[in-house]
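Hi,

Here is the structure I promised to pass on. Have a look first, and my notes on what turned up follow below.

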Amino acid sequence: MNRLIIVTATAAASLFFAAGCVESPEMTDSEWISQLVGSSDLSSTSNLNGSGDLGEDDKNGNSAEDVSVPEYWYRQLLNEPSREIILENDPVAGVCTVTVIHNLTAELVIDTEWNGVFEPATKAFSDQRYVRLVLEKTGDGTSHGGWVIVSATPAEHILTSGEQEVFISSMSLYKNGEIIWECDDPGTFYRIDSELPQLLEGDFVRIESTVEHLNPLYDPPFFVIAHGPLSGHSRHLMYDNGLYGDEEAEDGIYSYEWYVEYTGEYQRIAVDVIDADTFADQTEEDYDSGAWGIHFLK
Ligand SMILES: [Ca+2]
Ligand SMILES: [Ca+2]
Ligand SMILES: [Ca+2]
Ligand SMILES: [Ca+2]
């Protein structure tokens, strides 16, 4: 599925491509669409580079020979060229599907020695963030030439440096025990007005995720991390240990449960998986991670 999206986007790029339009009274539908998409929160980058929990305790109590989370780690964005906005069909029909691609160059700052001293190394990486949107021309709007964004997929991060072996397989959100949003395919479109999750400060929410590792080397084989309006930090480890909101230990469903905070700063909730091989040392150039994020309403 991931590969299919890339191929589709690349093929479409040769047919229609528009970016960075200047407003004028004679803008075409393609230009209006690019302007609307370019200014929308729905196509802005995820905040995976946020630092969040540094030196997070390993609540799984792993023994010394297992991989644990580093003493310090965070990602920082080094370069983000302007996004590519690819129209997948001629907007003359009044409906247009758009792929938005961010090419991100970043580094993982990592200190694997639990000694209270910050002596990190870096692992460089690049990835692409994909989101697809459907727009419709309503005919009654005066802004953006009458175009509105009616649905969106989750955003997916795909590693472009090195081989990606870890993938998110599903993501679900529960509020007060009731499921409010779920996804098992990042190509799924959700209506903006009725199918995106809504999170308000104080809501009691659980995020669940399953992941896949194509070539596990360590125990645990990967770490699953929640990002968004969490408790205290914008980034927390998720667990499959039957504790901290995880309903059943070792059933492959990783969970994080919390009371929503800071919705003013973040309007995207994401899960990402990091290969334990990446966290096992601070010397190898072996960054490996995948992520999904979804915009939420408030
Ligand atoms: Ca250290
Ligand atoms: Ca579980
Ligand atoms: Ca390694
Ligand atoms: Ca790997």
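Before the notes, one term: two strands count as paired if DSSP finds at least two bridges between them. With that in mind, look at Tyr72, which stands opposite Asp111 in strand 3. The two belong to a pairing of strand 1 (residues 72–79) with strand 3 (residues 95–111), which is antiparallel and runs over seven bridges. Please keep in mind that this is a predicted model.

The overall picture

The protein chain has 298 residues, and 40% of them are buried. Its secondary structure comes to three helices and 15 strands. Take the contacts between residues at least 6 apart in sequence: 70% of them join residues at least 24 apart.

Around strand 3

Strand 3 is a good place to start browsing. Besides strand 1, strand 2 (residues 84–87) is joined to strand 3 by four bridges, again antiparallel. Within that pairing, Leu87 sits opposite Val98 of strand 3. Then there is strand 4 (residues 121–137), which runs antiparallel to strand 3 and is linked to it by 16 bridges. If you want one spot to click on there, Val100 has Val131 in strand 4 as its bridge partner. As general background, strands of a sheet pair through backbone hydrogen bonds, either parallel or antiparallel.

The helix that goes with it

How many of the 11 residues of helix 2 are buried? Nine are, so helix 2 (residues 29–39) is largely enclosed by the rest of the structure. The buried ones are Asp29, Ser30, Glu31, Trp32, Ile33, Ser34, Gln35, Leu36 and Val37. What do they pack against? Strand 2, strand 3 and strand 4 from the section above, plus strand 5 (147–152).

The four-stranded sheet

Further along the chain you will find an open sheet of four strands in the order 8-7-10-13, with antiparallel pairing. Strand 8 (178–183) and strand 13 (254–259) stand at its edges with a single partner strand each, so one side of each has no neighbour in the sheet. On average, neighbouring strands here are turned by 20 degrees against each other, ignoring direction.

In the middle of that order, strand 7 (residues 166–175) and strand 10 (residues 204–213) pair in the antiparallel sense over nine bridges. Ser170 faces Thr210 of strand 10 as its opposite number.

Also in strand 7 is Tyr174. Is Tyr174 buried or exposed? The cut-off for buried is 20 or more other C-beta atoms within 10 Å, and Tyr174 has 20, so it counts as buried. Tyr174 touches Ile179, Ile180, Val205 and Arg206, leaving aside residues up to four places away in sequence. Tyr174 and Phe204 are 30 residues apart in sequence, yet their C-alpha atoms are 8.3 Å apart in space.

The cores

The largest nonpolar core has 54 residues, and the ones with the most contacts inside it are Ile33, Val98, Val224 and Val271. Strand 7 supplies the largest share of this core, with six residues. You have already met Ile33 as one of the buried residues of helix 2, and Val98 as the residue opposite Leu87. As for Val224, its contacts are Ser209, Val211, Met238, Tyr254, Val271 and Val273, again not counting residues up to four places away in sequence. Apart from this core lies another one, of nine residues, among them Ala106, Phe125, Leu159 and Tyr287.

Enjoy exploring!

Conventions. Residues are numbered from 1 along each chain as its sequence is written. Chains are lettered from A and ligands numbered from 1 in the order in which they are written. This is a predicted model: local features need pLDDT of at least 70, side-chain atom pairs count only at pLDDT 80 or more; totals for chains, interfaces and linings use all residues. Axes are lines fitted to C-alpha atoms, for helices over the stretch in contact, and angles run from 0 to 180 degrees between N-to-C directions. A residue is buried if 20 or more other C-beta atoms lie within 10 Å of its own, exposed if 12 or fewer, and partly exposed in between; C-beta atoms are placed from the backbone. Two residues are in contact if their C-beta atoms, placed from the backbone, lie within 7 Å. A nonpolar core is a set of buried Ala, Val, Leu, Ile, Met, Phe, Trp, Tyr and Cys residues joined through C-beta atoms within 7 Å.
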